[in-house]
Amino acid sequence: MLIRSTWTLSVSEPTVLPRSYNLELVKQLHQLLGLEIGGKAIPSVSYSGIVGLYSISKDFFTFHPEEFYQLSLCGLQEFVTKKISRLNLTQSLEFLGAKFNVINREDEISSYEELYTTLVANEPETVRRFDLQFITPTAFAQSTTSLPIPVPALMFRSWLERWNHFAPVYLGGDELIAYMSNAVMLKHHKIKTRSWHLHRGYVNGFVGDVTLQILNRADSLLANVANLLVEYARFAGTGMKTRLGMGQTQLIPQIEHQ
């Protein structure tokens with residue numbers, strides 16, 4: 001079972017938070033969920049931080065009363081999904097002296113079986129173009145550093161690692177990534193780097209739009225598996241530190257480009 005819960009938030013007055021607020025908010029949300037934070041190499045929760053238009057001044061964000069903001073939590077494992085589905089933020093979310101009003105909540109619910117059946121087993125019409133939007137800074141761990149570049153092989157490895165860890169259907173390993181590396185190209189991007197501040201220090205990542213294209217010579221079945229993993233990214237996020245707000249990923253519907 002999979003869930004993506006999104007809360008719409010607002011503030012009643014200009015509200016200032018340190019740029020490293022995410023760690024405190026993540027801790028509070030995990031406490032409300034009754035979950036431990038960290039301890040697992042592959043996180044079963046992805047989190048967006050508070051997304052929207054805010055002002056930046058040195059080490060602080062200012063959130064404005066005329067704007068609406070969104071906060072998302074995704075569960076990649078059934079017991080976590082159930083906890084998120086039952087999470088009640090009531091009328092407000094308060095932390096670090098700030099108060100956000102809870103305006104609305106929307107839940108997107110699916111399952112590994114449903115995604116696999118719909119996108120692979122039923123042999124649907126093959127999708128060969130994927131338009132992705134990276135909402136929060138995205139990067140990939142490389143030894144002791146990070147890579148803030150949308151490399152297709154690293155993106156698919158990130159999604160596949162999570163899928164194989166949590167899903168009942170195993171998709172493949174290094175041989176699948178090798179195939180994807182030769183079958184998927186980065187067709188277009190409009191990105192910029194942005195820092196994601198943590199309790200101590202920060203990580204550079206990329207945000208913006210990325211288009212992936214599957215080559216026509218690629219096998220239809222493997223193209224459908226690629227589509228499955230791209231769809232899964234909406235829940236799992238992309239790259240490193242998704243439990244701390246990095247790598248939030250959206251799929252832009254094809255109709256928007258017609």
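The radius of gyration of the chain in this predicted model is 18 Å, in agreement with the value near 18 Å that a compact globule of 258 residues would have. Along the principal axes, the C-alpha trace extends over about 55 × 40 × 35 Å. The secondary structure consists of 14 strands together with 6 helices.

Several chain-wide quantities complete this description. Of the 258 residues, 50% are buried. The exposed area of the chain amounts to about 12700 Å², of which 49% is supplied by carbon and sulfur atoms. When contacts are restricted to residues at least 6 apart in sequence, 78% of them join residues at least 24 apart. With respect to charge, 23 positive side chains are accompanied by 23 negative ones, and a distance of 7 Å separates the centres of the two sets.

Among the strands, β9, formed by residues 129-138, is mostly covered, with 7 of its 10 residues buried. Strand β9 pairs with β13, which comprises residues 202-214; this pairing is antiparallel and involves 7 bridges. An antiparallel pairing is also found between β9 and β14, a strand of residues 249-251, here over 3 bridges. Residue F134 takes part in the description of both pairings: its bridge partner in β13 is G208, while in β14 F134 stands opposite T249. In a regular strand, side chains alternate between the two faces of the sheet.

A further local environment concerns V16, a residue of strand β2, which covers residues 15-18. The relative accessible area of V16 is 47%; because this value falls between the limits of 20% for buried and 50% for exposed residues, V16 is classed as partly exposed. Once residues up to four places away in sequence are set aside, V16 touches F60, F61 and T62. The C-alpha atoms of V16 and S55 lie 9.2 Å apart in space, although the two residues are separated by 39 residues in sequence.

Taken together, the chain-level result is a radius of gyration of 18 Å that agrees with the compact-globule estimate. At the level of individual strands, β9 is joined in the antiparallel sense to β13 and likewise to β14.

Definitions and conventions: Residues are numbered from 1 along each chain as its sequence is written. This is a predicted model: local features need pLDDT of at least 70, side-chain atom pairs count only at pLDDT 80 or more; totals for chains, interfaces and linings use all residues. Side-chain values use heavy atoms; hydrogens and water are left out. Helices (H or I, at least four residues) and strands (E, at least two) are DSSP runs, numbered from the N terminus. The radius of gyration is taken over C-alpha atoms; the globule rule is 2.2 Å times the number of residues to the power 0.38. Buried means under 20% relative accessible area, exposed over 50%, partly exposed in between (1.4 Å probe, protein chains only). Contact means heavy atoms within 4.5 Å. Accessible areas come from the Shrake-Rupley method with a 1.4 Å probe; for residues, only the protein chains shown count as cover. Lys and Arg count as positive and Asp and Glu as negative; His and the chain ends are not counted. The place of a charge is taken as NZ of Lys, CZ of Arg, CG of Asp or CD of Glu. Two strands pair if DSSP finds at least two bridges between them.
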